[in-house]
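Welcome! Let us walk through this structure together, one part at a time.

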Amino acid sequence: MKNSIIFPVFLSAVSVFCDLPFPGRGVNLGDWLEAPKNENWGVSIDSVDFVNIAQKGFNNIRIPARFSDYVTNEKRVSPEFMQKVKWAVDQTIRNKMTAIIDVHHFEGMAAEPQKYFEILKNIWEDVSQEFANYKDSSVLFELMNEPHDATTIELWNIYPDELVKIIRKTNKTRPILLGTADWGGFSMFKTLKIPEDDNLIVTLHYYNPGKFTHQGADWAEGSNAWLGTRWTQSGVQKLAMLQDFEEVYDYAKRKNLKIHIGEFGAYDKAIYDDRVLWTEYAAALCSRFGFAFSYWEYSSGFGLYDPQTKKWREELTAALFSTKEISSGDYSIGNENLVRNPNFENKAKNWTYGVWDKTGSADFEFSDGGLSINVSKIPSDVWGIQVIQEKLPLEAGKSYLLSFDAAGDSAMTLYACVETDEDYEIWGGITASVPAKNVKAVIQTEKTSRTINLIFNLGLSTGKAVLSNVSIKEIVIDAAPVSGQKLLTGLNRKIFISGNVVNAYPSAQFEVISANGKVIFSGKCGADGKAEIKNTPKGIYTVRIGNNLSLKYICK
């Protein structure tokens, strides 16, 4: 059976969940206030940059700030640093955008959270007092960027409740952004315990596949070996990204949660056209599912803007506003299940299971329903309790669909993945919140001499999970992949708006559409692919070019 998924066009990200002020499309001011004290990471920001960002049509600016480097002997935020943050917030608001204040790079919390949590509480007490009189819709608070290492899943399910209570003393209804443990990614979303509060937004980061988005990044170990990795909007690539976003959307809808993608982007060592295609698809999925976002980032290694030439990278920027229809492509699923003993009818045959980390505790039992795992104590690492099938017969270069059912306790969470032995390279995985039916993850294999294993990690939470109907089948994509040289509309053109001039392709038809959907101006590009937008009142508009590309346009 062939599957074809085509999404309708959305002109802007509109939340389908709870009723909160929502920040729309935005960008991070990366490598600026997040740099360590007395260091310069090559980014300087002045008031013109805020005007620049607003004129491109962005709705929010995320301000990553390393507060922890600027605390006094009394463990309070220094007034000098607070004023820098306040200046950035005021510039954002002055240009009619929403500011997101983000506590970034708190290395003490990653190393010794019990020691440094008191400082984190003080930071939020100081920030809350400083911005208490600002409108709720103008300033949002993000508790901490990418909790990781010693700030474990378990601790991060405790700390936010205290931080929210501190903020609520002075900011009763201000929206608060809450990220996930283990570096803030999609995979740990379902492990996050949400404090009792009506004004929370979950913020997640997305950089999949990492070998593409972080190729050549000097802070990512082994990334030079990834140089040359392509992302061309092939059917499998789109299907993998679609699956990631669908999982987040479905879970958020069940829990009535609002989603903000606080970081996503591809580093400048990747082929530029591939970066455009990846960014376009990620932004289109955000639009489709009603997720706000803040692209990483404005003017550094992932940047939309070149501070040397003082010019936007127009194709990359336009990709964030594209609203063309997107499809996962036509594909079929093979019939052969490569998982042996998939329903545990033969009990432990072909499977290995156990508690490898004795700080945890679990019991295993086979029944007609599958394999039951009852976790009574969480180990110190998620891999401390596992169910494994070794030596999967997967072929390099092919793609597969992993699926399974997980019955049991509603409080139970597990992580399933396909990874290589010894070097533990993950080729695809997914977090499941029990009970779950037909959980799916796309697996994209690469050449390796290592053994390939299917692993269920159960060291995330206590509770009972019953695994059954485990399947890995080949994905066969029928549609031809898009060439990496094609941008946005499928034409090898730069499509953007500069000033009041549309830059597209010869004879391109375009319309200028108001916020209420009315066409107020239409035109046609000349032989040079350009046309001027005329007689348009001041305001924010959507310019639709051809049949499948829309850009944001501001008439000043």
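How many contacts beyond four places in sequence does the model have for residues 1-18, where pLDDT stays under 50? For that stretch, the model has 56 such contacts. Keep in mind that this is a predicted model, so confidence is a good place to begin. A second stretch, residues 479-493, also has pLDDT under 50 throughout, and here the model has 32 contacts beyond four places in sequence. Across the chain, the average pLDDT is 89, and 90% of the residues score at least 70.

Now turn to the strands. Eight of them, in the order β2-β3-β4-β5-β6-β7-β8-β9, make a closed barrel with parallel pairing. From one strand to the next, the twist averages 25 degrees. To see one pairing in detail, look for strand β2 at residues 25-28 and strand β3 at residues 60-65: they run in the parallel sense and share 3 bridges. Within this part of the barrel, Asn 28 stands opposite Arg 62 in β3.

Helices pack on this sheet too. Helix α6, spanning residues 159-168, touches β5 (139-142), β6 (176-178) and β7 (200-206). The direction of α6 makes about 170 degrees with that of β6. Helix α9, residues 272-289, packs on the sheet as well, touching β2, β7, β8 (258-264) and β9 (292-295). Its direction makes about 170 degrees with that of β8.

Next, look for the aromatic rings. The count comes to 36 aromatic pairs. How do the rings of Trp 124 and Phe 141 sit, and what is such a pair called? Their centres are 5.1 Å apart and their planes are at 45 degrees, so the pair is tilted. Trp 124 belongs to helix α4 (residues 113-130) and Phe 141 to strand β5, so the pair ties together parts that are 17 residues apart in sequence.

Are these two residues buried or exposed? Trp 124 counts as buried because its relative accessibility is 0%. Phe 141 is buried too, with a relative accessible area of 0%. Phe 141 has another partner to find: the charged end of Arg 174 sits over its ring, 5.2 Å from the centre.

Finally, find a group of aromatic residues that form one cluster: Phe 186, Tyr 206, Phe 245, Tyr 249, Phe 264, Trp 278, Phe 289, Phe 291, Phe 293 and Tyr 295.

Note on methods:
Residues are numbered from 1 along each chain as its sequence is written. This is a predicted model: local features need pLDDT of at least 70, side-chain atom pairs count only at pLDDT 80 or more; totals for chains, interfaces and linings use all residues. Side-chain values use heavy atoms; hydrogens and water are left out. pLDDT is the predictor's confidence in each residue, from 0 to 100. Contact means heavy atoms within 4.5 Å. Two strands pair if DSSP finds at least two bridges between them. Helices (H or I, at least four residues) and strands (E, at least two) are DSSP runs, numbered from the N terminus. Axes are lines fitted to C-alpha atoms, for helices over the stretch in contact, and angles run from 0 to 180 degrees between N-to-C directions. Rings of Phe, Tyr and Trp (its six-membered ring) pair if their centres lie within 6.5 Å; planes under 30 degrees apart count as stacked, over 60 as edge-to-face and the rest as tilted. Buried means under 20% relative accessible area, exposed over 50%, partly exposed in between (1.4 Å probe, protein chains only). A charge sits over a ring if NZ of Lys or CZ of Arg is within 6 Å of the ring centre and within 35 degrees of the ring normal.
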